[in-house]
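Biologist: Can you pull up the model and talk me through a few spots?

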Amino acid sequence: MDIDDLEDIDDLTVPDFSGDDFADDKQIQKKRILEAEFKKMTEDSIKVITDAFCAQISSHKNLKHFLLHKTIAIPTLIESYQGKWGNKAIHFCVFQYTSSVYAGKLYNAGENNYFVGLIDLDKTYPHTIVQPETIALKIEDLFTKTDVDFAHAKRFSWKFHAITEDKTALEMLFFNKDLDRIAQFPLTEFELNNRQCYFRENRKPVSLREAENFVELAKILLEVL
């Protein structure tokens with residue numbers, strides 16, 4: 001077709017593709033609303049933490065050497081932030097993971113986000129993992145005798161199961177530290193590795209409530225460790 005042929009075409013109007021083909025699809029519109037609400041809730045939750053620690057977006061940290069991190073099933077790192085509390089640095093990340101629920105023959109799966117924190121420590125700690133105490137861990141400890149209890153922090157010792165590569169060194173480093181403050185967050189998991197502490201307040205999805213709890217736990221760990 002040349003320019004002369006174009007003169008014979010009466011209407012050269014470009015079709016309008018700006019309309020929403022799914023405007024009348026209630027399911028699609030509902031999904032879009034939920035996605036927008038989820039995005040805003042996540043952004044608001046992140047802001048709670050960034051405001052608390054004057055944090056800014058930062059480069060990602062390598063967390064693969066933490067054993068607790070390896071328990072997360074194929075996590076996708078969304079964003080990383082760096083902030084401070086006093087003279088200590090705190091790094092936190094937002095991870096996305098897939099959760100699934102079986103109910104009889106029904107199966108439901110979806111994606112969730114949650115927070116993970118990383119603190120730079122003043123002292124070098126032996127490799128230590130602290131997790132919520134469970135019946136299974138209590139039974140296991142009957143045979144292994146690896147759980148470390150602290151006489152000055154009975155509430156902490158009751159709530160958590162602590163294992164370490166150097167019990168004597170850990171007891172000296174934890175001596176007279178107010179570990180019982182951590183016990184107000186009974187689902188906490190943290191791992192000490194040299195001069196770093198990897199932690200999460202729980203494994204629940206991101207929410208404003210979880211963001212507030214994350215901030216409070218982070219401040220306690222920053223002050224206690």
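Modeller: What follows is a short chat about one helix, a loop residue and a strand. The model is predicted, so local features need pLDDT of at least 70, side-chain atom pairs count only at pLDDT 80 or more, and totals for chains, interfaces and linings use all residues. Residues are numbered from 1 along each chain as its sequence is written, and side-chain values use heavy atoms, with hydrogens and water left out.

Biologist: Which residues of α6 are buried?

Modeller: In α6, residues 167-174, they are L170, L173 and F174. Buried means under 20% relative accessible area, exposed over 50%, and partly exposed in between, with a 1.4 Å probe and protein chains only. Helices are DSSP runs of H or I with at least four residues, strands are runs of E with at least two, and both are numbered from the N terminus.

Biologist: Why do they line one face of the helix?

Modeller: Seen down the axis of α6, the buried residues fall within an arc of 90 degrees, so they line one face. The arc is that of the directions from the helix axis to the C-beta atoms. The face turned away from that side carries the exposed residues T168 and M172.

Biologist: And what follows α6?

Modeller: N176, with a positive phi near 65 degrees. K177 is in the loop between α6 and β6.

Biologist: What is the nearest side chain of opposite charge to K177?

Modeller: D122, 8.1 Å away; K177 is buried yet has no salt bridge. A salt bridge needs a side-chain nitrogen of Lys or Arg within 4 Å of a carboxyl oxygen of Asp or Glu. Lys and Arg count as positive, Asp and Glu as negative, and His and the chain ends are not counted. The K177 side chain does reach the backbone oxygen of V224 at 3.0 Å.

Biologist: Switching to β6. Is E189 buried or exposed?

Modeller: E189, in strand β6, is buried, with a relative accessible area of 5%.

Biologist: Which side chains does the E189 side chain make polar contacts with?

Modeller: R200, at 2.9 Å, and R203, also at 2.9 Å. A polar contact is a pair of N or O atoms within 3.5 Å; within protein, one must be able to donate a hydrogen and the other to accept it, and residues adjacent in sequence count only if both atoms are side-chain atoms.

Biologist: What about N193?

Modeller: N193 counts as buried at 15% relative accessibility. Its side chain and that of N194 are joined by a polar contact of 3.5 Å.
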